[in-house]
Every structure is written in C-alpha cells, then in structure tokens.
Amino acid sequence: MQLKDIQRLQREFDEEFFNKFWEINDEKTFIERLQYLVVALTGEIGEYANIVKKASRDFEHLKENISEEKKKQLIEELVDCFIYIIITANLLGIDLEKEYLEKLEKNKQRFEKYKRG
Ligand SMILES: [Mg+2]
C-alpha cells in the first residue's frame, strides 16, 4: 500500500462519516477547516507528548523502562497525528508521497555535511 492509497482510504472514510466537514463552498470555510485540523493535530501531539512525559518521569524517578502498555499508547497517539496530517493533505489537495520524496531530496542536500563516511 502506498501513501496515496492511505490518502484515498482516509478520504473515503471522511466522506462516509464526516460528510458535512467537506462541504466547503468558500475561502472562509476552507480556512476554518484548516484551523480545526491544526487544533486537532496539536491535541494529538499533546496526547503523545503527555505519554512521553510520563515515561520520562517514571524512568527518572523509578528507573522504569517504557512499558508495553505505554508503547501501545505512543503508537496510538502517533497514528492519530498521522491521520490528521493525512486529512490535512487531502484538504489541501496534495500528494503527500510526492511532497515527502521531494523534501527528502532537499534534506539530503541540506544535511550533506553530516553524511556518514
Ligand atoms: Mg489520540
């Protein structure tokens, strides 16, 4: 499965379950949808950060390694972040895989001096 397939699956899901969200007839509504998505993404990043905070605190004070349960929670919140990124890419009408590959090439040039060997 490629990223474009994931974008399509998410688009189908969103149209089925959140059809009203995609009724966008003017720029104001488009901006409002962008705002909603960045708030939602930030919320999910916060949930992810909170688990990292707790893991860090447990390690610092109790010398506890990250539990399997915490790893599962981290994965879930990371995927929640990914979902909102996918939805935002769909709203913007961009091919995220293509954009990622272009950015990767830029980063290869940007970080050339750090390259191994
Ligand atoms: Mg979440």
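How far apart should the ends of the 25 residues of α3 be at 1.5 Å a residue, and what is the distance between its end C-alpha atoms? The expected span is 36 Å, and the end C-alpha atoms of α3 are 36 Å apart, which agrees. Keep in mind throughout that this is a predicted model.

**The whole chain**

Start with the full chain in cartoon view. It holds four helices and zero strands, and the order from the N terminus is α-α-α-α. The radius of gyration is 18 Å, well over the 13 Å given by the globule rule for 117 residues, so the chain is more spread out than a compact globule. Along the principal axes, the C-alpha atoms fill a box of roughly 55 × 40 × 30 Å. Of the 117 residues, 4% count as buried. Among contacts with a separation of 6 or more, 75% are accounted for by residues 24 or more positions apart.

**Helix α2**

Select residues 27-62, which form helix α2. This helix has 36 residues, and from its first C-alpha to its last it reaches 52 Å, close to the 52 Å expected at 1.5 Å a residue. Colour α2 by burial: the number of buried residues among its 36 is one, so the helix lies largely in the open.

Next, pick Lys63, which follows α2 and is found in the loop between α2 and α3. Its phi is near 55 degrees, a positive value in a residue other than glycine. Lys63 has 7 other C-beta atoms within 10 Å; residues with 12 or fewer count as exposed, and Lys63 is therefore exposed.

**Helix α3**

Select residues 68-92, helix α3. Its buried residues are Glu77, Tyr84, Ile87 and Ala89. Show the surroundings of these side chains: what covers the buried residues of α3 includes α1, α2 and α4 (96-110).

Now select Val79, also in α3. Val79 is exposed, with 11 other C-beta atoms within 10 Å. Draw a distance from Val79 to Glu44: the two are 35 residues apart in sequence, and their C-alpha atoms are 9.1 Å apart in space.

Move to Leu92, another residue in helix α3. Leu92 is exposed as well, with 12 other C-beta atoms within 10 Å. A second distance to draw is from Leu92 to Asp26, which are 66 residues apart along the chain, with 14 Å between their C-alpha atoms. After α3 comes Gly93, whose phi is positive, near 70 degrees.

**Where α1 meets α3**

Finally, show residues 3-17, helix α1, together with α3. How do the axes of α1 and α3 cross? They come within 9 Å and cross at roughly 85 degrees. Angles of 65 to 115 degrees count as roughly perpendicular, and α1 and α3 are therefore roughly perpendicular to each other.

Display the side chains of the contact. From α1, select Ile6, Gln7, Gln10, Arg11 and Asp14; from α3, select Ile83, Ile86, Ile87, Ala89 and Asn90. Coloured by type, the residues of this contact divide into five nonpolar, three polar and two charged. Two of the residues on the α3 side, Ile87 and Ala89, also appear among the buried residues of that helix.

For the spacing of positions along a helix, a general point helps. An α-helix has 3.6 residues a turn, so residues three or four places apart point the same way.

Definitions and conventions
Residues are numbered from 1 along each chain as its sequence is written. This is a predicted model: local features need pLDDT of at least 70, side-chain atom pairs count only at pLDDT 80 or more; totals for chains, interfaces and linings use all residues. The expected span of a helix is 1.5 Å times one less than its number of residues. A residue is buried if 20 or more other C-beta atoms lie within 10 Å of its own, exposed if 12 or fewer, and partly exposed in between; C-beta atoms are placed from the backbone. Axes are lines fitted to C-alpha atoms, for helices over the stretch in contact, and angles run from 0 to 180 degrees between N-to-C directions. Angles under 35 degrees count as roughly parallel, over 145 as roughly antiparallel, 65 to 115 as roughly perpendicular and the rest as oblique. Two residues are in contact if their C-beta atoms, placed from the backbone, lie within 7 Å. Ala, Val, Leu, Ile, Met, Phe, Trp, Tyr, Cys and Pro count as nonpolar, Asp, Glu, Lys and Arg as charged, and the others, Gly among them, as polar. The radius of gyration is taken over C-alpha atoms; the globule rule is 2.2 Å times the number of residues to the power 0.38.
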